[in-house]
Amino acid sequence: MERDDENAVTPNDVRMQQQQQRSSIPSFLFIILMLFMLTNHNNDGYLARSQYEDALQAMNHQLSNFTAWMNGESSDFALPERQPALPLLAQSFVPYGRKLDPRIGSYFSNMSGFIRGSLDFYNITPSSLESANVPWKSHAQSFMSDTNMTELSDKLGLWNWSVPTNLSWSVVDHAPVIVEDVAEQIAMIHGRIDFTDPTRADEMRLEFDGVHFLSNGTIYGFAEPNGHDNDIRYLPVIVPESVQNETARVIKPELLSRISKVKEMIDAGVVESDLPQGSHPETGCGFVVHAQIEPSPISGNFMQDLEDELQKPTGQWTVKRPPLRLNGMLVSRECGLLYHLHDADGLRSQSFFRKVTNYASVSAIVYLVLLALLSRQMDKAHSPAALTRLSLWTFLTQAIVDAVAFAGHITFAILANGRPSISLVAPAFIACILFALEAQHSILINQVQAPEDAAAQQVRRTPSPAQNAPTPATGGAQPPLPLPATAPPRPTEPTFFQLVVSHFRSDPQARIWLGMFLFLTFIIRVIVTPSLALLFVASMYSMFWFPQIIRSAKRGRPSALSAEYLIGTSVCRLYFALYFLTCPRNVLDVRPRRWAYYLCAFVFFQVVVVLLQQRLGPTFFLPKRFANTETYNYHPPLPLSVSDPEAPEQSLGDCSICMEAIHAEDPKPLQHVAVGLLQKVGGRKNYSLAPCHHLFHTDCLDKWLAIKNICPQCRRPLPPL
């Protein structure tokens, strides 16, 4: 059968085919280039190196002055006056420990790990102490007697010091240094103290440095906010006067060790760009810390065997590790603040590492299950007919969650910095594979659905085929379009920026990659803020199946998601949300949130709705006036093509797929039909008229749309049948 001129391939059709066949490699390379430009921080590294060199010069100056002071020589360094009221105030909250008989008890000799406890806040400014009724009131008044109230209000800053009720303390306890003329076992200790504001989900971090007296389990130190350096040379002022000189002798080797470490980092070129010297602290409140470890009933020999086994496991039997508990006091004289730390439990680093390893193992298994479920779903719904019934945003949302999970696990592995970091690579790697597959599947869904969406818009703009029914082809051809008399002017060469904009406007894959890149860049930048992180979790998890529900109701077709994929993916995804938001002892120490259970119920509610859409219909939950979806009618009434309407075979034309005649009445399905009205209905469903006015058998077009959703004759997009 000869084709009309309207069926000829136009330049717009060729351009559409080129866009559909265009490879995403240029878009991917462009995204890689943008990532490289964002992650390349050569200038920051140069500034960091300069800051390290300045810090090294300052540390050498401090060491020389401190050494001259210890030797009784002329020096710019001098210890400030002791505060007699400080030890009395500290003993009101933390009674100092005593030396134990090693046969009946001992203290923890190494408290490296993570400590979490409750806080009681007290305002010890002179005006507040006047109306206070506490037993340690006189000690606090003596301690705050000569405080400058003008400077006090300036140093407080914007942080709300009255709201924190919990404290997190990460500690690294070094082995005691053997120094001449030092009989006490004194270990240097440092770490970080974090206050949490539950009203804003915000944190205040303090850098801690101090000394640990192993014989009685007492800890003394300073805690300063980021941007303020802890000068460990002043530690002898806050320890008991009887051990002041021994503490000063232990500080000198620590200064030498820090100087040596900074020199090695500069020589090796390993510098960090986020030094505290360049930051702007939110507050100027520094604290003096007094803490006391509670004694354990384990003898000194058994405690030492337990410590050796924790540091270097050999499989040797040891006693059960007793709980690490301590109490403490944090007081800031320049800000009039006092915190009582009580009921604090410690988790040793080795125990924490085992906990991280267990979490990484379970997470890797969960991600493997997610990968298997995704692979099975992609195998079951790989045809264009199935892809048109899937929501692009369902898979894009999961891809974003997996990308953030990959970045989070890698960051966690870097911070762990040990054997647990290797175990965390496994879930990070599988999450990266999931991200790649889901992003690729999203691009494939977009490629398949783009013609359908264009066809849907075209259907809304054009009238119904019933109103403009074509007359059957009788051999007459339409006249060709006239050619222009003169050649069009040669276009000017586009600029590079115009080429980039044109590429993103014409390539849907490039737009998806760019959108995901910008969104992930924004998310990774703000995910470190606790409040935004919780908002991200709630928004992403609530959007897993919600877009699929909307698409199914809007298109009038149920989804192609299997029940296995829906239920299995929901359970695996919610494992991470429930672990971090409901488990009080998770590896990240995230406080439990009650709304996590409501989030879980909402996700499973969406799963139930999607499954019911497959059973009861896509719009079963909508009122009747909204349940009717706008769909294209492939079966309008058409005139017959033969001149004799009473001919035995009433043909409408030839099908462009099977090249056979299309009859108004199909004899096969109408053999058992006797009513004339039903004969007309059955005859109408035997043919299908596309929006481009091409006619097909309904069965032929149904099979064709299962492979491609474009017209087999003119290559224009077609709506679903």
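Strands are DSSP runs of E at least two residues long, and they are numbered from the N terminus. Helices are runs of H or I with at least four residues. The model shown in every panel is predicted.

**Figure 1. The protein chain carries 22 helices and twelve strands.** The chain has 721 residues, and 43% of them count as buried. Its accessible surface comes to about 39,300 Å². Carbon and sulfur atoms account for 58% of that surface. Among contacts with a separation of 6 or more, 73% join residues 24 or more positions apart.

**Figure 2. An aromatic pair joins strands β6 and β8.** The whole structure holds 30 aromatic pairs. In one of them, phenylalanine 287 meets tyrosine 339 in a tilted arrangement. The ring centres are 6.1 Å apart, with 45° between the planes. Phenylalanine 287 belongs to β6 (residues 287-293), while tyrosine 339 belongs to β8 (residues 337-348). They are 52 residues apart, so the pair counts as linking distant parts of the chain. Are phenylalanine 287 and tyrosine 339 buried or exposed? Both residues are buried. They also belong to a cluster held together by ring pairs, with Phe121, Trp159, Trp161 and Phe195 as the other members.

**Figure 3. Arginine 333 appears in both the ring contact and the pocket lining.** The charged end of arginine 333 sits over the ring of phenylalanine 143. It lies 6.0 Å from the ring centre. The second largest pocket has a volume of about 820 Å³. Its lining takes in 34 residues. The closest to the pocket centre are Phe222, Ile238, Val288, Arg333 and Glu334. At least two lining residues come from each of α4 (85-93), α7 (149-156), β5 (218-225), β6 and β7 (324-332).

**Figure 4. Helix α17 is largely enclosed by the rest of the structure.** The helix spans residues 546-555. Why does it count as largely enclosed? Seven of its ten residues are buried. These are Pro547, Gln548, Ile549, Arg551, Ser552, Ala553 and Arg555. Glycine 556 follows the helix. Its phi is positive, near 75°.

**Figure 5. Lysine 708 approaches a part of the chain 323 residues away in sequence.** Lysine 708 sits in the segment after α22 (698-705). Its C-alpha lies 7.7 Å from that of alanine 385. Setting aside residues up to four places away in sequence, lysine 708 touches Pro384 and Arg715. Lysine 708 is partly exposed, at a relative accessible area of 40%.

**Figure 6. Aspartate 343 has a positive phi within strand β8.** The value is near 55°, in a residue other than glycine. Strand β8 also holds tyrosine 339. Tyrosine 339 is buried, whereas aspartate 343 is exposed. Aspartate 343 has a relative accessibility of 58%, so it passes the cut-off of over 50% for exposed residues.

**Figure 7. Histidine 693 has a positive phi in a loop.** The loop runs between β11 (687-689) and β12 (695-697). Phi of histidine 693 is near 70°, and this residue is not glycine. How exposed is histidine 693? Its relative accessible area is 32%, so it is partly exposed.

Methods. Residues are numbered from 1 along each chain as its sequence is written. This is a predicted model: local features need pLDDT of at least 70, side-chain atom pairs count only at pLDDT 80 or more; totals for chains, interfaces and linings use all residues. Side-chain values use heavy atoms; hydrogens and water are left out. Rings of Phe, Tyr and Trp (its six-membered ring) pair if their centres lie within 6.5 Å; planes under 30 degrees apart count as stacked, over 60 as edge-to-face and the rest as tilted. Buried means under 20% relative accessible area, exposed over 50%, partly exposed in between (1.4 Å probe, protein chains only). A charge sits over a ring if NZ of Lys or CZ of Arg is within 6 Å of the ring centre and within 35 degrees of the ring normal. Contact means heavy atoms within 4.5 Å. Accessible areas come from the Shrake-Rupley method with a 1.4 Å probe; for residues, only the protein chains shown count as cover. On a 1 Å grid over the protein atoms alone, a cavity is a set of points where a 1.4 Å probe fits but cannot get out, and a pocket is an open set with protein on both sides within 12 Å along at least five of seven lines; lining residues have an atom within 4 Å of a point. Grid points are joined across faces, edges and corners, and a volume is the space filled by probe spheres set on the points.
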